[in-house]
Each structure stands twice: as structure tokens, then as C-alpha cells.
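Please open the model in your viewer and keep the sequence panel beside it. The tour below moves from the whole chain to single elements and residues, with a selection to make at each stop.

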Amino acid sequence: MRLSVLDLVPVRTDQSTADALAATVRLAQTADRLGFTRYWVAEHHNMPSVGATSPPVLLAYLAAQTSRVRLGSGGVMLPNHAPLAVAEQFALLEAAAPGRIDLGIGRAPGSDPVTSVMLRGQRGMDDKDIANFPDYLDHVRAMMSSRGVQVQLRDGDYLLKATPAAAGEPRLWLLGSSMYSARLAAAKGLPYVFAHHFSGHGTEEALAYYRENFTPSDVCAEPTTFLTVNACVAETRDEATALMLPNLQMMARLRTGRPLGAVDLVEDAQALRVSEAEQRIIDSGLRRAVVGAPAEAAEQLTALAEEFGVDEVMVNPVASAHRGTDPASAPGRERTCELLAKELL
């Protein structure tokens, strides 16, 4: 089995943004050293608990401090950006770190409605970019290639390339959490990842549709996918559960419409009183996650891979930290990767 990492650059209550980035560098270097396949970063905006706002900026930073692991976006939310800008950013990353760049593209805004308007300007007030998403996806793919794309003008064609002399292309992936993305990935012959770590609902249906209706393309000859899952692994199940509790409580606040803050430390999360509705969400998230001591966590992860028929799992290590931890580190997240790697790699 191949293992990969998804990183939202979580920001704890004891961390500055600089601290969270320093912890992410250490985690990426850990994944690089241990033989993880890929390391993806997300795009979210105006969230106190998430430091990953600009995947290409963060990936350039990580590429300079790692040597082997594939780096990618999980993902770039394309409606927030001009297709040419995305193509240029990732074509340059591929030129700087050849053979190591993945471009995962999603359709969701990754933010609240007000932030979307600020990101997109007046375009954020309508659904035009959402409706044009399939075409924009094709534009990004074509502009990143060495061939470029021909833009038809009244007086002839105009050649447009993301870089002047591309020698390689980032690997394009389509991301999603609904049947829309499964249908689009199958129709366009693209590698596909369903956001199982986010909802845990509809994964089987989406992957089955994708595999059964896949159309081979020059990007991908056969259906290609892997599984994402939240994970926390420690020497004991009790410790793993304690480290995961702050993230579970944060997701409960998100889903019940309560104000969000930075990720709590373990001691603060344990002292927090939650509503019955929040506790149900916490319990559900715990059941869907990979959590426990090394052997049982490895067994859970292997069972998930077998259930969904994949040979790669991307873990989102969601461990918080105890009071007194170095703010520029995330030992629980690093330990999750180390223990899984010891069992499975």
C-alpha cells in the first residue's frame, strides 16, 4: 500500500501562522524521509484554524525543503482563479521540481459567500464560473502542456502557453465530494479523488460510477483513484482519541453553524462542554476516522483500502497537541505518519 499526506496547515490556539508553517515543513520532511508517495495541501480562506490559503505558494516553499515526495494541491478551487493563472503557477512548479508536481482541482469555493466575492470580484456574485468549470478545466490542462492552446480570434489563431518551453506537465487530478465530480472525471478520463475525509458519505457510489463509466484519455488509460481519511495514531488508543478530539469538536462547530476559532489544545478540548447535536457529530467523525494504536490503526486503514478497492491512502493527520508543546512543531501529526509508516511501508 502507498501512503500519502493531506495537510490543511492547521493553526492551534498556541500558534502563529509562522509556527503553523514551520510545523508543516517538519511534517512534509517527515513524509519525504519515510517514503510517503505524495504530500498535498488544501485551499481554504478566512478560517482561523486553517493556514493553507494559497497552494502554489506553499508548494514552492515545500519543494525547496524536500527532495523526493510528490507535492500537490488538494486542491486548487478553480472558480476562485483565472485558468491561465493556475496553469502558469503549476507549470512553473513542475519546471522547478520536475516529476514531483500534482495539480488537484476542485469546484467548491473553499470559503464563505462574502470571502468568495472578495476573491472573485463581481464574478463571485453569479454562477458563471461554476457553469464553465468543465471548460476551464480543459483550458488549464491544455495551457500547461508543451503544445499550449490555440485561441481562435477573428484574424487567426493565437497560441497561448503557461510557460515558454515546458518539458513536462503536472499530473492533473479532479477532486470532489459529490456525483458531479465523479461524472466529470469519468467523462474526461482524469484521475479522481473523492473527499472521503470530509464527509464519509457517497464514497462508494461515486467511485463505482467513476470506474464503470471511465473513458480512457491521453492523461489516464484506466480509472485511477485513491482514498482520503482523517487519521490520528499514538502509542495508545486513548492518547490518539485525545489528540483527535480538538479537530472533531471544530468540525462539530462548523456543521452546527457555531463560530470557529483556532484548533484547541488537548487539555482545553477535554474541558469543553458540547451540545448533544455536537456530540453526535463528534461520535460520527470518530467512527469514520482511522484512530488508535499503531497495529489497530493500520488494520483500520487496510480495511478501508480493501473496502474501496484502492492501493493508496492519503491520510489527513489531525492530531492537536498538549499544552507546553513547541508551537513550531506538531509532534502528534508527525507521530501519526511515523507509526503508520512503520506498520505499512
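What follows is a walk through a predicted model, taken stop by stop.

**The whole chain**

Begin with the full chain in cartoon view, where 13 helices and eleven strands can be traced. The radius of gyration is 20 Å, close to the 20 Å that the globule rule gives for 345 residues, so the chain is as compact as a globular protein of that length. Turned along its principal axes, the C-alpha trace spans about 70 × 40 × 40 Å. If you colour by burial, buried residues make up 50% of the 345 residues, and if you switch to a surface, the accessible area comes to about 15200 Å², with 53% of it belonging to carbon and sulfur atoms. Among the contacts with a separation of 6 or more, 73% are between residues 24 or more positions apart.

**The nonpolar cores**

Which residues touch the most other members of the largest nonpolar core? Select Tyr39, Phe90 and Leu103, which hold that place among the 72 residues of this core; then add helix H6 (residues 133-144), which gives the most to the core, with seven residues. Staying with leucine 103 and leaving aside its neighbours within four places in sequence, you will find it in contact with Ser73, Val76, Val86, Phe90, Val140, Met144, Pro170, Arg171, Leu172 and Trp173. Apart from this core lies another, of 16 residues, which includes Cys232, Ala242, Leu245 and Val291.

**Helix H1**

Next select helix H1 (17-34), whose 18 residues reach 26 Å from the first C-alpha to the last, close to the 26 Å expected at 1.5 Å a residue. Its buried residues are Ala20, Ala23, Thr24, Val25, Leu27, Ala28, Thr30, Ala31 and Asp32, and they pack against E1, E2, H2, E11 and H13. Just after H1, stop at glycine 35, where the backbone takes a positive phi of about 95°.

**Helix H13**

One of the partners of H1 is H13, so that helix is a natural next selection. Helix H13 (residues 331-344) has 14 residues, which at 1.5 Å a residue should span 20 Å, and its end C-alpha atoms are indeed 20 Å apart. The buried residues here are Gly332, Arg333, Glu334, Thr336, Cys337, Leu339, Leu340 and Ala341. Show their surroundings and you will see them pack against strand E1 (2-7), helix H1 (17-34), strand E9 (225-233), helix H9 (237-255), helix H12 (294-308) and strand E11 (312-317).

**The cysteines**

Is cysteine 337, within H13, buried or exposed? At 0% relative accessibility, cysteine 337 counts as buried. Cysteine 220 is likewise buried, with a relative accessible area of 3%. The structure holds zero disulfides; for cysteine 337, the nearest cysteine sulfur, that of cysteine 232, is 10 Å away, whereas a disulfide would require the two sulfur atoms to be within 2.5 Å.

**The loop at proline 48**

Finish in the loop between strand E2 (38-41) and helix H2 (55-63), where proline 48 lies. Proline 48 is partly exposed, with a relative accessible area of 43%. Its contacts, neighbours within four places in sequence left aside, are with Val11, Leu260, Gly261 and Ala262. A distance drawn from proline 48 to threonine 13, C-alpha to C-alpha, gives 9.4 Å, although the two are 35 residues apart in sequence.

Definitions and conventions:
Residues are numbered from 1 along each chain as its sequence is written. This is a predicted model: local features need pLDDT of at least 70, side-chain atom pairs count only at pLDDT 80 or more; totals for chains, interfaces and linings use all residues. Side-chain values use heavy atoms; hydrogens and water are left out. Buried means under 20% relative accessible area, exposed over 50%, partly exposed in between (1.4 Å probe, protein chains only). Helices (H or I, at least four residues) and strands (E, at least two) are DSSP runs, numbered from the N terminus. The expected span of a helix is 1.5 Å times one less than its number of residues. Contact means heavy atoms within 4.5 Å. A nonpolar core is a set of buried Ala, Val, Leu, Ile, Met, Phe, Trp, Tyr and Cys residues joined through side-chain atoms within 4.5 Å. The radius of gyration is taken over C-alpha atoms; the globule rule is 2.2 Å times the number of residues to the power 0.38. Accessible areas come from the Shrake-Rupley method with a 1.4 Å probe; for residues, only the protein chains shown count as cover.
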